[in-house]
Amino acid sequence: SDMETSEKIQKSGVLQVFASLLTPQSSCTAKVANIIAEVARNEFMRNPCVDAGLIPPLVQLLNCKDQEVLLQTGRALGNICYDSHEGRNAVDHAGGAHIVVDHLRSLCSKTDPASEKLLTVFCGMLMNYSNENDTLQSQLINMGVIPTLVKLLGIHCQNAALTEMCLVAFGNLAELESSKEQFAYTNIAEELVKLFKKQIEHDKKEMIFEVLAPLAENDVIKLQLVEAGLVECLLEIVQKTVDSDKEDDIAELKTASDLMVLLLLGDESMQKLFEGGKGSVFQRVLSWIPSNSHQLQLAGALAIANFARNDGNCIHMVDNGIVQKLMDLLDRHVEDGNVTVQHAALSALRNLAIPVVNKAKMLSAGVAEAVLKFLRSEMPPVQFKLLGTLRMLIDAQAEAAEQLGKNVKLVERLVEWCEAKDHAGVMGESNRLLSALIRHSKSKDVIRTIVQSGGIKHLVTMATSEHVIMQNEALVALALIAALELVTAEKDLENAQLVQILHRLLSDDRSAPEIKYNSMVLICALIGSEPLQKEVQSMAFLEVISKLRSHENKTVAQQASLTEQRLAVES
């Protein structure tokens, strides 16, 4: 019995004796190393092995020529390192990793069974040594272990045990950024795809997937994987597993489609697969959207969002009817509410709405109405994308902005979301959409709807945002309110302390030139209201503004002169 024997060995004090027996001259060295390898399979024995001083003599034995001694020593060190901080430290201290990496290099091309067995043990030892330890992983990467392991994988691809060890070692190392740069200089993509094509068992495919996912985060490797034919493998898996309800197949479908989406995150790999919208891959991904599998719908919508990362692709897709497919997909999820699919479809629509020529086409296709069906959603990711999509759609589209801005339900929901303190993204997007409705519609009706729904205070708060772009959007919207509906908004502007905020923005040296400019335009508009004009007069604005006449920005300096004249006349 393994546990009992180990306990007896530990109590007998024989571990301390082993240290002196671990010498290249001794005839029983291999046996001693074998015993240490066996006892170190028990977690409670690893620290006693370190404490008994076994690591330095074991590391010394790595310089030995005897294959059996090397094999058992590699096993012993690998087992002592398994999940043991002390074991790893001791091996690191004794310089064990360096010698093992050198062995891998020199044995790499040998394909006889004994060498392959030794290579497998050494790979396993390095894997246990560096597992979940960034420092030791970096150390191995700096020693140049990656090109050696990739070479191993290519030469020994027929040896299942060795291949498996290489894959686990890759999985360990591939998480680190520095490793990806090294992998990019090897033919890892080609080797992994070649290996992948041969696999029948789910577990083996899963192991390769675990290496592919972190590697595919690197843009250079993404392209290499696409060129090595990974996409065709993934599409084949999707086709085979899409109608299956076996657990393994469902998992494989998810992994394959997720990886496909990841490959499309690289600009070059994405364009290569888009092929001007004629690409067979692009066409296959389109067919996922009407599928009955939620996983494929999700991957299809995310893939479209990734293809929609430049204007040319977006225009082509909208002209070829993609919008209707996405709206149909959203329609299927209004009631059953699969949040990830909703989020992905809205992301795709938002990206498609960016090019100017697409906005009117998408509006007339009814995208705004389709999106508004999700106003009831309580899920922040969906709310965030919904707001972004509407904001993109109404950009410079006066009629649409007016129509949406008069939609009381929408405006009330926006005002509610402007207070979503727990979700900064939703809060920011709601404010930006409120401002956009005014800026693009320039409509009195829209302003009145926003005033009645209590939106003014949020636009005033938005003027104090840390993001200049949001400050600016707020000030422009407030200037339009002051110019078109000052009487209606007067009370709310006063309660929100707009005048004090403008004084602060103009006095602050850190305010951007456009913020200063728009704050002065707004001051000029506000003095058309008696109570607001009184506030302006009581706050010594003239002093601040006369300083701005010598501002380095010409436009700011000119506006300061004009504002000063207006204030002087009014007073």
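**Group meeting talk: a helical protein, its salt bridges and one charged patch**

Let me begin with a single residue, Leu 433, which is buried, with a relative accessible area of 1%. Leu 433 sits in helix α30, the helix that runs over residues 424-441. If we take His 156 as a second landmark, the two residues are 277 apart in sequence, and from C-alpha to C-alpha they are 59 Å apart in space. I should say early on that what you see here is a predicted model, so please keep that in mind throughout, because local features are taken up only where pLDDT is at least 70.

Now let us step back to the whole protein. There are 39 helices in the protein, and the number of strands is zero. What radius of gyration does the protein have, and what would a compact globule of 571 residues have? The protein has 33 Å, whereas the compact globule would be near 25 Å. Along the principal axes, the C-alpha trace spans about 105 × 55 × 45 Å. As for burial, 56% of the 571 residues count as buried.

Next come the salt bridges, of which a search of the whole structure finds 27. I will go through some of them slowly.

One of them joins the side chains of Lys 180 and Glu 217, with 3.5 Å from N to O. This pair links distant parts of the chain, since Lys 180 belongs to helix α13 (residues 177-184), while Glu 217 lies in the loop between α15 and α16, 37 residues apart. Are these two partners buried or exposed? Lys 180 counts as buried because its relative accessibility is 1%, which is under 20%, whereas Glu 217, at 48%, counts as partly exposed.

A second salt bridge is formed by Glu 416 and Arg 413, and here the closest N and O atoms are 2.7 Å apart. Both residues lie in helix α29, residues 408-417, and they are three residues apart, about one turn of the helix. Glu 416 is partly exposed, with a relative accessible area of 47%, but Arg 413 is buried, with 11%.

A third salt bridge brings together the side chains of Glu 494 and Lys 491, at 3.8 Å from N to O. Why are these two separated by about one helical turn? The reason is that they are three residues apart in helix α34, which covers residues 486-495. Glu 494 counts as partly exposed at 26% relative accessibility, while Lys 491 is exposed, with a relative accessible area of 53%.

Salt bridges can also be joined up in this model, as with Glu 38, Arg 41 and Arg 75, which are linked in a network.

To finish, let us turn to the surface. Which residues gather there in a patch of negative charge? They are Glu 201, Asp 203, Glu 247 and Asp 248. Asp 203 lies in helix α15, residues 202-215, and this is the helix on one side of the loop that holds Glu 217, whose partner Lys 180 we met earlier. Asp 203 counts as exposed because its relative accessible area is 55%, and the cut-off for that word is over 50%.

So we end at an exposed residue, Asp 203, having started from a buried one, Leu 433. Thank you, and I am happy to go back to any of these places in the structure.

Note on methods. Residues numbered from 1 in each chain as written. Predicted model: local features only at pLDDT ≥ 70, side-chain atom pairs only at ≥ 80, totals over all residues. Heavy atoms only, no water. Patch = residues over 30% accessible without salt bridge, like charges linked within 9 Å, V, L, I, M, F, W, Y side chains within 5 Å. Areas by Shrake-Rupley, 256 points an atom, 1.4 Å probe, with all protein chains shown as cover. Salt bridge = Lys/Arg side-chain N within 4 Å of Asp/Glu carboxyl O. Lys, Arg positive; Asp, Glu negative; His and termini not counted. Charge placed at Lys NZ, Arg CZ, Asp CG, Glu CD. Helix = DSSP H or I, 4+ residues; strand = E, 2+ residues; numbered from the N terminus. Buried < 20%, exposed > 50% of the residue type's maximum accessible area, 1.4 Å probe, protein only. Rg over C-alpha atoms; globule rule 2.2 N^0.38 Å.
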